[in-house]
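Before the interior and the surface of this chain are discussed, it helps to ask how far each part of the model can be relied upon. The paragraphs below take up confidence, then the core, then a patch on the surface.

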Amino acid sequence: MTRTGTAKGRSAAAASGWPAVGTVTAYAAAIVAFACALLSLYWALGGHALVTTIGGYVEQSARRGGALPVLVALAAALAKAAGGLLALALVRPWGRMIPRRWLLSGSAGASALLVAYGGLTVLLGALVLAGVIHPAGGVDRTALRWHVGVWDLWFLVWGILLALAAIGYWRATATQAWRDETANRAHS
């Protein structure tokens, strides 16, 4: 029997380089998520550096203080840390304890939300800064520049990295999943 499209017993996914890309992008997505979580945790603990770059209600709430902004920032930090753990679950051995479908569904859903949110807010913010869109109220142009160039772009990049990691995971585990399904049907 001859092999087509593979070299020396490597699977097609390994030969294509996707597992390596998936691994690198999973770690990169985790780094982005954990960095974002640390910043939210810093703000939750009372830090005020860069809070003016957020603008709007979040900036006002952070300046006023109180329990609600702390709880919101802690919840955001936890959600972002969970996103980092999701990315790592795609490539770390402990991630195998989570069913493949759940990992794929969770990472696909999270990456879709991150890309949609980040992409839309970057696009709309850029259109406002370019003068194409004229909002009815006042615009904090400094905060908007930060959102377009850093904060919302951060979510977009995170979402793209997570999507690439999910594709790498899907490709790396597709052959084993197919074998498992075939074996389960044969034993039923």
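Over residues 1–15, pLDDT (the predictor's confidence in each residue, from 0 to 100) stays under 50, and for this stretch the model has 11 contacts beyond four places in sequence, a contact being heavy atoms within 4.5 Å. Across the chain the mean pLDDT is 87, with 83% of residues reaching 70 or more. Among the elements, helix H1 (residues 12–16) has the lowest mean, 49, and H5 the highest, 97; helices here are DSSP runs of H or I with at least four residues, numbered from the N terminus. This is a predicted model, in which local features need pLDDT of at least 70 and side-chain atom pairs count only at 80 or more, while totals for chains, interfaces and linings use all residues. Residues are numbered from 1 along each chain as its sequence is written, and side-chain values use heavy atoms, with hydrogens and water left out.

The largest nonpolar core has 24 residues, and those with the most contacts inside it include Ala29, Trp154 and Leu103; such a core joins buried (under 20% relative accessible area, 1.4 Å probe, protein chains only) Ala, Val, Leu, Ile, Met, Phe, Trp, Tyr and Cys residues through side-chain atoms within 4.5 Å. H2 (18–44), H4 (67–89), H5 (100–129) and H6 (141–187) each supply at least two of its residues, and H6 gives the most, with eight. Leaving aside residues up to four places away in sequence, Leu103 touches Leu86, Ala89, Leu90, Gly95, Ile98 and Tyr169.

Leu45, in the loop between H2 and helix H3 (56–64), is exposed (over 50%), with a relative accessible area of 69%.
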